[in-house]
Amino acid sequence: MPHYDVLISLGSNVDPAHWVPVANRILAARFGAVAFSHAYRSEAVGTTEPRPAFVNQAARFQTDLPFRALHAALRHIEARCGRKRSADRFAPRTLDLDIVYGDAAFRATAVSGAVLPDPDLFDQLHVLVPCAEVWPDVPVPGSADSLGVRAAALPAEVRSRLARVALDEEG
């Protein structure tokens, strides 16, 4: 059975000090050895309406699940953690788990319409920085750069939009 190396972005802006550690424990129990980035607080993006700040993190692990099955497993974890989906794709949420990258074999399992690597991996600070911590050698499409190089090159004023936070592991 194949083992795929995958990278997910996780975030919460509803009681993140509770839900991010809970998600970490669930992911570790489900997938075994998981490399987690530091947690970072950032402002919500995608809407002009005031929204609570997010706490974001990245997780890298191996799985034998192809894309569709992993996607379903992550949606199940979100629901287990109280995620309520609505028409407002920027609505506050207890937990958001997104597949942002996978090795070549995993990408080959992606379903029609899925975009891997996810463009947010390179364009959104709250995804780029945590993901670069756990998988710095991800290649940036159309560039000689890697994810780690891209993150390291961020100007201080841009990087200052993220604040590293400590989370209660007991959550």
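**Exercise 1. Overall form**

What radius of gyration would a compact globule with 171 residues have, and what does the chain have?

*Solution.* Before starting, note that this is a predicted model, where local features need pLDDT of at least 70 and side-chain atom pairs count only at pLDDT 80 or more, while totals for chains, interfaces and linings use all residues. Residues are numbered from 1 along each chain as its sequence is written, and side-chain values use heavy atoms, with hydrogens and water left out.

Step 1: take the globule rule, 2.2 Å times the number of residues to the power 0.38, with the radius of gyration taken over C-alpha atoms. Step 2: for 171 residues this rule gives a value near 16 Å. Step 3: the chain has 15 Å, so it agrees with a compact globule. Step 4: look along the principal axes, where the C-alpha atoms fill a box of roughly 40 × 40 × 30 Å.

**Exercise 2. The order of elements**

Find how many helices and strands the chain has, and read off their order.

*Solution.* Step 1: use DSSP runs numbered from the N terminus, with helices being H or I of at least four residues and strands E of at least two. Step 2: count 7 helices and 6 strands. Step 3: from the N terminus on, write β-α-β-β-β-α-β-α-α-α-α-α-β.

**Exercise 3. Two helices that meet**

Describe how helix α1 (residues 16-31) and helix α2 (residues 67-80) pack.

*Solution.* Step 1: two packed helices are described by the angle between their axes and the distance between the axes. Step 2: fit the axes as lines to C-alpha atoms over the stretch in contact, with angles from 0 to 180 degrees between N-to-C directions. Step 3: the axes of α1 and α2 come within 11 Å and cross at roughly 140 degrees. Step 4: list the contact (heavy atoms within 4.5 Å), with Ile26, Leu27 and Phe31 on α1 and Leu70, Leu74, Ile77 and Arg80 on α2. Step 5: sort these residues into 6 nonpolar, no polar and 1 charged.

**Exercise 4. A covered helix**

Is His126 of helix α5 buried or exposed?

*Solution.* Step 1: buried means under 20% relative accessible area, exposed over 50%, and partly exposed in between, using a 1.4 Å probe and protein chains only. Step 2: His126 has 16%, so it is buried. Step 3: leaving aside neighbours within four places in sequence, His126 touches Ser42, Val45, Asn56 and Leu162. Step 4: turn to helix α5 (residues 125-134), where 9 of the 10 residues are buried, among them Leu125, Cys131 and Val134. Step 5: set this beside the chain, where 46% of the 171 residues count as buried.

How values were computed:
Ala, Val, Leu, Ile, Met, Phe, Trp, Tyr, Cys and Pro count as nonpolar, Asp, Glu, Lys and Arg as charged, and the others, Gly among them, as polar.
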